[in-house]
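Open the model in your viewer and keep the selection tool ready. Each stop below tells you what to pick and what is there.

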Amino acid sequence: MSTKYFQSENEKEINIINFTMLEEEAKKIIPAGGYGYINGGAEDEWTLRMNTEAFNHKQIVPRSLTDVEKPDLTTTIYGEKISIPIFMTTVASHGLAHKDGEIATAKGTAAAGTIMGISTYSTKSLDEIMTASTGPKWFQLYMSKDDKFNEYMIGKAVANGAKAVILTVDATLGGYREADLKNNFIFPLPMGNLESLGEGLGQSISEIFANAKQKIGIKDIEKIVAMTDLPVIVKGIESPEDALLAIGAGAKGIYVSNHGGRQLDGGPASFDVLESIAKAVNKKVPIIFDSGVRRGQHVFKALASGADLVGIGRPAIYGLAVGGSKGVTSVFKHFAKELKIVMQLAGCQTVEDIKKAKLLSIKY
């Protein structure tokens, strides 16, 4: 492994036409190993592709006679008012895309007026990221076999002002990602929260996950819930059964996600299971959603299918590589631009109106 890993130092607003073009720009900047890790999915990447294609399984009905003008994108979740119903989901190792890593992402997300999700496997430490901006932040925990480490990280998040804890349950090991094997990828940078454990730098994905808890059940959710008064959101839910088990164990949020197609290939697109999970949850707790979101219309369809908040991952990381913190803000602004147009043409003045919108279900 080379001892030197190129990191972008870009800091500029970027003009986004679409996220496919932005990804092409980012690919020219991020080294092959880092790009493969960010961009890649499991096995044949069928589920990764279907995450985006599945949004075509439902169609938005245009509405013209609803007196809509200048749609309002603001929404509230867990008492926090944010400017758009989109947030930065928990992506590991932002330093693969930019030298300032999660610090830049936190600044860019705060400037967009929304929530930053922070991964256990972040390049920068939790302390650094939490103090990088005044914007609201959620901490995501990859549950360790060591309960003392879990409690330590949650305590640190609480002490630094985190507003929620996301417990990821679909990554008890890493998916079979061929891009990482082709690139012989090992992490070229330290992980800010794992340095004291001697983990991160120079390790493969399988080595990183070796200390993750493989056996996760409802007692583990109960254990994390008991560690904090913050709402615990369970991430990686793809079935109504698991959603109800999580709520029964004390979860205050259900996060519908297949990890961006990075774990189980051949599983359903997250959007295709969202509605059934939302019906089972029946508004008992908020529903957060991600995987495959690349357009404002995708955000609209997710909200209309039961989500309360929509996460983006790869598009923001591509914006980070191309434009640093300002590039991240540009990504959120572009999503907001597209979503406002969709809301206007679909006759929705507010985010609550979107949640009441009816979609046509059509399978191609």
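Begin with the lining of the largest pocket in this predicted model. Its residues divide into 9 nonpolar, 4 polar and 8 charged. The pocket itself holds about 500 Å³ of space. Now select Lys283, Ala304, Ser305, Gly306 and Lys355. Of the 21 lining residues, these are the closest to the pocket's centre.

Which elements give two or more residues to this lining? Colour α11 (270-281), α12 (296-304), α14 (351-356) and β12 (359-361) to see them. The largest share, 3 residues, comes from α11.

Move on to the second largest pocket. Its volume is about 330 Å³. Select Thr20, Glu23, Leu48, Thr52 and Arg294, the closest to its centre of the 17 residues that line this pocket. By class, the lining has 2 nonpolar, 8 polar and 7 charged residues. Show α1 (19-29) and α3 (46-53) next: each supplies at least two lining residues. The largest share is from α3, with 5 residues.

Last stop: select residues 314-346, which form helix α13. How far apart are its end C-alpha atoms? They span only 27 Å, while a straight helix of 33 residues would span 48 Å. Zoom in on Gly323, where α13 bends by about 140°. Then turn on the surface. Of the 33 residues in α13, 26 are buried, so the helix is mostly covered. Finish just past the helix, at Gly347. This residue follows α13 and has a positive phi, near 75°.

Conventions
Residues are numbered from 1 along each chain as its sequence is written. This is a predicted model: local features need pLDDT of at least 70, side-chain atom pairs count only at pLDDT 80 or more; totals for chains, interfaces and linings use all residues. Side-chain values use heavy atoms; hydrogens and water are left out. Helices (H or I, at least four residues) and strands (E, at least two) are DSSP runs, numbered from the N terminus. The expected span of a helix is 1.5 Å times one less than its number of residues. The bend at a residue is the angle between axes fitted to the seven residues ending there and the seven starting there. Buried means under 20% relative accessible area, exposed over 50%, partly exposed in between (1.4 Å probe, protein chains only). On a 1 Å grid over the protein atoms alone, a cavity is a set of points where a 1.4 Å probe fits but cannot get out, and a pocket is an open set with protein on both sides within 12 Å along at least five of seven lines; lining residues have an atom within 4 Å of a point. Grid points are joined across faces, edges and corners, and a volume is the space filled by probe spheres set on the points. Ala, Val, Leu, Ile, Met, Phe, Trp, Tyr, Cys and Pro count as nonpolar, Asp, Glu, Lys and Arg as charged, and the others, Gly among them, as polar.
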